[in-house]
Amino acid sequence: MHLARYPREFLAHLPTPLERMDRLSAELGGPEIWIKRDDCTGLSTGGNKTRKLEFLMAEAMVQGADMVMTQGATQSNHARQTAAFAAKLGLGCHILLEDRTHSNNDNYNNNGNVLLDHLHGATTEKFPDGLDMNAEMETVAERFRAEGKKVYTIPGGGSNPTGALGYVNCAFELLGQLNDRALKVDHIVHATGSAGTQAGLITGLKATNANIPLLGIGVRAPKAKQEENVFNLAKATAEKLGCAGVVERKDVVANTDYVGEGYGMPTEGGMEAIAMFAELEAILLDPVYSAKGAAGFIDLIRQGHFKKGERVVFLHTGGASALFGYDAAFDFNGRWVS
Ligand SMILES: *Cc1c(COP(=O)(O)O)cnc(C)c1O
């Protein structure tokens with residue numbers, strides 16, 4: 001398996017650090033917890049989409065695109081990283097933003113990732129929720145093509161076999177770090193949404209016979225749907241890499257018990273996770289993805305699913321810039337001194 005066969009724009013800050021979280025480990029009294037800092041990939045506050053975009057944007061350049069287009073929820077981290085990458089490459093960028101949360105909060109609609117989209121020069125267009133957004137995007141792309149633009153469209157979350165190569169690469173990178181430091185790991189845990197992160201990781205882990213179980217904590221879809229999405233994308237990614245069949249259905253595990261009311265709606269467990277990571281480890285999570293991933297991770301430690309004597313890696317997928325769109329979700333329990 002040789003990733004150098006695929007075009008790539010090297011823009012991410014790699015390798016991302018792998019750090020031990022001593023204070024969080026002590027607080028929970030369970031396994032030894034490590035964190036893989038994919039919140040530090042660079043590109044306008046970083047996050048997991050940067051790795052995928054290295055391969056997607058390279059494909060856009062090879063195809064001679066002069067603009068890229070993608071779609072996501074209003075506070076999409078993927079949209080913001082795409083806008084930043086496009087700025088760096090000198091490409092135009094148009095983003096379709098779906099109103100998945102029906103929020104009329106001003107910061108939610110204009111601050112955080114939305115502010116950054118616009119700072120990077122992207123144009124945005126709002127859509128109500130419930131539409132087939134990848135189909136809407138093709139319609140909008142035709143509009144731009146009719147004006148003579150060479151448009152490269154990127155699916156939501158950058159989740160297709162090209163984007164997933166970024167997380168095959170992350171699996172290789174993480175294994176290298178673990179092997180170099182003689183760290184035997186029992187589990188890897190992360191937030192899973194549009195499926196590309198988990199699909200790429202499991203493909204890389206299986207192709208190298210790493211034998212480390214991977215758990216995705218869902219942020220939107222129910223378990224059966226989430227696992228099916230990840231499995232289908234992992235199969236297609238393995239096929240692209242010439243190792244078809246390397247991922248089996250049983251390798252794809254998602255726990256979707258921590259979604260709460262729905263996508264983009266903060267949960268109590270998520271808010272607790274944000275406070276714990278911030279106060280104990282000086283690490284920022286976001287309410288939409290990484291906090292729900294961490295909430296599931298913390299709860300599973302409390303339930304004894306991850307045990308003392310084990311070593312677990314939490315992959316931090318980023319998202320902290322969304323915090324500034326979600327300030328209304330925080331109540332500082334009397335700790336706020338005015
Ligand atoms: C997109 C995103 C995820 C989910 O990754 P997928 O590849 O879409 O499953 C997790 N965390 C953050 C912060 C994200 O922006």
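I began with Cys243, which is buried at a relative accessible area of 18%. The model I am working from is predicted.

**Cysteines**

I looked for a sulfur partner for Cys243. The closest cysteine sulfur belongs to Cys170 and lies 17 Å away, too far for a bond. I then checked Cys40, which is in no disulfide either. Its nearest cysteine sulfur is again that of Cys170, at 13 Å, whereas a disulfide needs the two sulfur atoms within 2.5 Å. Cys40 is partly exposed, with a relative accessible area of 30%. I searched the whole structure and noted zero disulfides.

**Largest nonpolar core**

I turned to the nonpolar cores. The largest has 28 residues. I listed the residues with the most contacts inside this core: Leu24, Val189, Phe277, Leu285, Phe297, Phe306 and Phe314. I then asked which elements give two or more residues to this core. They are three helices and three strands by label: α1 (22-28), α10 (268-281) and α11 (290-302), with β2 (32-37), β8 (214-218) and β10 (311-316). The most comes from α11, which supplies seven residues.

**Leu285**

I took Leu285 from that list and recorded what it touches, leaving out residues up to four places away in sequence. The contacts of Leu285 are Ala273, Ile274, Phe277, Ser290, Ala291, Ala294, Phe314, His316 and Leu323. Phe277 and Phe314 are also on the list of residues with the most contacts inside the core.

**Second core**

I found a second core, separate from the one above, with 26 residues. Among its members are Leu18, Trp34, Ala234 and Leu315.

Conventions: Residues numbered from 1 in each chain as written. Predicted model: local features only at pLDDT ≥ 70, side-chain atom pairs only at ≥ 80, totals over all residues. Heavy atoms only, no water. Core = buried A, V, L, I, M, F, W, Y, C linked by side-chain atoms within 4.5 Å. Buried < 20%, exposed > 50% of the residue type's maximum accessible area, 1.4 Å probe, protein only. Helix = DSSP H or I, 4+ residues; strand = E, 2+ residues; numbered from the N terminus. Contact = heavy atoms within 4.5 Å.
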